[in-house]
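Please open the structure in a viewer and keep the selection panel at hand. The tour proceeds by selections, each followed by a description of what is found there.

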Amino acid sequence: MNCLAVYTLWKRELRHFYRDRARIIGALAPPIVFWFLIGSGLGKSFQMPGAAGGAGFLQYFFSGTLVLIVLFTSVFSTISIIEDRREGFLQSVLVAPIPRLSLVLGKIMGASTVGFLQGLCFLILAPAAGLRAAPGDYAVTLAALALCSLGLTGIGFCIAWKLDSTQGFHAVMNLFLIPMWMLSGALFPAATAPAWLRLIIRLNPVSYAVCALQQALSPGAFRPMASLKLCLLVLVLFAAAVCAASCWIAREAE
Amino acid sequence: MERLGQEIKLTPAISVSRLSHTYPAKNKRPARRALRDVSLEVAPGETFGLLGPNGGGKSTLFKILSTFFKPSPGLVQVLGLDAAHDAAQIRPRIGVVFQNPSLDAKLTVSENMTHQGHLYGLRGKLLLQRIASMLERYGLSDRRDEPTGTLSGGLRRRVELAKGLLHDPELILLDEPSTGLDPGARRDLWDHLRELKSSRRITLLLTTHLMEDAENCDRLLLINEGKTAASGSPRELKARIGGDVIAIESANPLELQKAIKERFDIEPALVDGSLRIERERGHAFIPQLVESFPGLIKSVNLSQPTLEDVFVHVTGLGVRL
């Protein structure tokens, strides 16, 4: 592995992040609007099972929104791979004397750092949303957020590398990524869902990100699907698996 | 001693032997053979051109030489190293300038250069010095903090060139370097390439469909439909025509073509709507021609053969400029 190459590719993603205001807003604004509108609209009429201390839908939906922001950001970051490879910066990276592993790690780490930072921007609203978490809980939140960014960016990378059109990516996103988010306990809890949906939610790695964030941000407010330890373990395995898959998919043909 | 001197041969900068390349079938598109049995050799220090129409196979060959694609079947050696197995050793020693922009439009000139330097293992003071001297050499110093997306096409190509040369490669590969540049920017690019050749011993390989670029090369390989159509220096290639080129404009070129064939027993080539005849002592033939078909000829032009004529001669195709 070539650390200088990983560093430079990581830094390039960050440069894009703070230079491209439209992208920051594009990934941040829609989820916040969804959160506020859906959260406020359903807030009073929706009784959370196991909700304690008057926690409502705005609080419940906060973690799901955080994951949605990370998902949008990772999609925006990895979608560039498709165009970049044919016409753009990535061409010169592909003929540079660096191992393919450095390219994959630089891109994934850069894009997931951006996802993490975007998540932080939303996390600032947590106290205003009525979430009362202790400093220690925020540490867990950050860890879960980082792992979730890494995992979703890895999935984005695997999809983008194999596709040759951005339209194709949008199709995959609507058909696969958005449902993956919807069926993660982000919108509704597994507990009230029919058995077949419950099974899907349990098998979906994104559910464990939502579950971990909910437990960290609103401790004891909602009945969790799994323990915090299990959630974090699943997230670590998920992130490792998709990063390994990205390296494998982007390996140089023999 | 003299014989011994002749036998010592420098390792060619590029050596390609019987290379073919097939793009596999994908999404109902059938497999396409882009290269068939192409061989070539480029000597160190040479400026070598791959000339051919778009879609003729030169970009595929470029991608193989720049280690973007793996060669198979066939043997490709770049700087004496096998491109199929030693890509990692080849890459630090070559500079690649793509036809499609490889600059990050959102980043400034110097940021683009910095990322490139890092990818080639350059860092710290050495990198800063290299970048400063490259920008100076290519007249880009006052643009260093501008995003490359805001530069003109000519300036962007100059940044691409500076970027490709940052790590001091022995061989530089340029894909269609003049395409999309206005005549002024094209001249400027060639001035820079010539200056580069005179300041250090560097081998240059470029692909082009522009005769102007081809004239600037020491040797050329004409490539069409994936096959070698001809090779040699521009002068050698032009000598192949053995005579002058007569171009005839007519309101009815097909009728004129037939009439000339019947009357003189020669077959003029129809290229882009005008007729072409290659003939020794062309000036003596023109009066006969004009007198024979008074109403059919709009204009006649006599010229020494150009590379475009050579191209038409060997491929039967017109090259659109």
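The stops below cover the interface first and the domains afterwards.

Please bear in mind throughout that this is a predicted model.

**The interface as a whole.** Colour chain A and chain B separately, then select the residues of each that contact the other chain. The selection should hold 28 residues from chain A and 29 residues from chain B. Together the two chains bury about 2,500 Å², and carbon and sulfur atoms account for 58% of that area. Next, show L4(A), V95(A) and P97(A) as sticks: these residues provide 25% of the area that chain A buries against chain B, more than any other three residues.

**Polar and charged pairs.** Now display the side chains of R15(A) and E111(B). They form a salt bridge, with a distance of 3.3 Å from N to O. Three salt bridges are found across the interface of chain A and chain B. Polar contacts there link 12 residue pairs, with both residues at pLDDT 80 or more.

**The chain A side.** Select α1 (3-19), α3 (57-86) and α4 (89-94) of chain A; these are the elements that each give two or more residues to the side touching chain B. Which of the elements supplies the largest share of this side? It is α1(A), with 10 residues. Colouring the chain A side by residue class will show 12 nonpolar, five polar and 11 charged residues.

**The domains of chain B.** Finally, select residues 2-237 of chain B as domain 1 and residues 243-304 as domain 2, following the domain assignment. The C-alpha centres of these two domains of chain B are 40 Å apart.

Conventions:
Residues numbered from 1 in each chain as written. Chains lettered and ligands numbered in written order. Predicted model: local features only at pLDDT ≥ 70, side-chain atom pairs only at ≥ 80, totals over all residues. Heavy atoms only, no water. Contact = heavy atoms within 4.5 Å. Buried area = accessible area lost by both parts, 1.4 Å probe. Salt bridge = Lys/Arg side-chain N within 4 Å of Asp/Glu carboxyl O. Polar contact = N/O pair within 3.5 Å; in protein donor to acceptor, adjacent residues only side chain to side chain. Helix = DSSP H or I, 4+ residues; strand = E, 2+ residues; numbered from the N terminus. Nonpolar A, V, L, I, M, F, W, Y, C, P; charged D, E, K, R; others polar. Domains from an automatic or database assignment.
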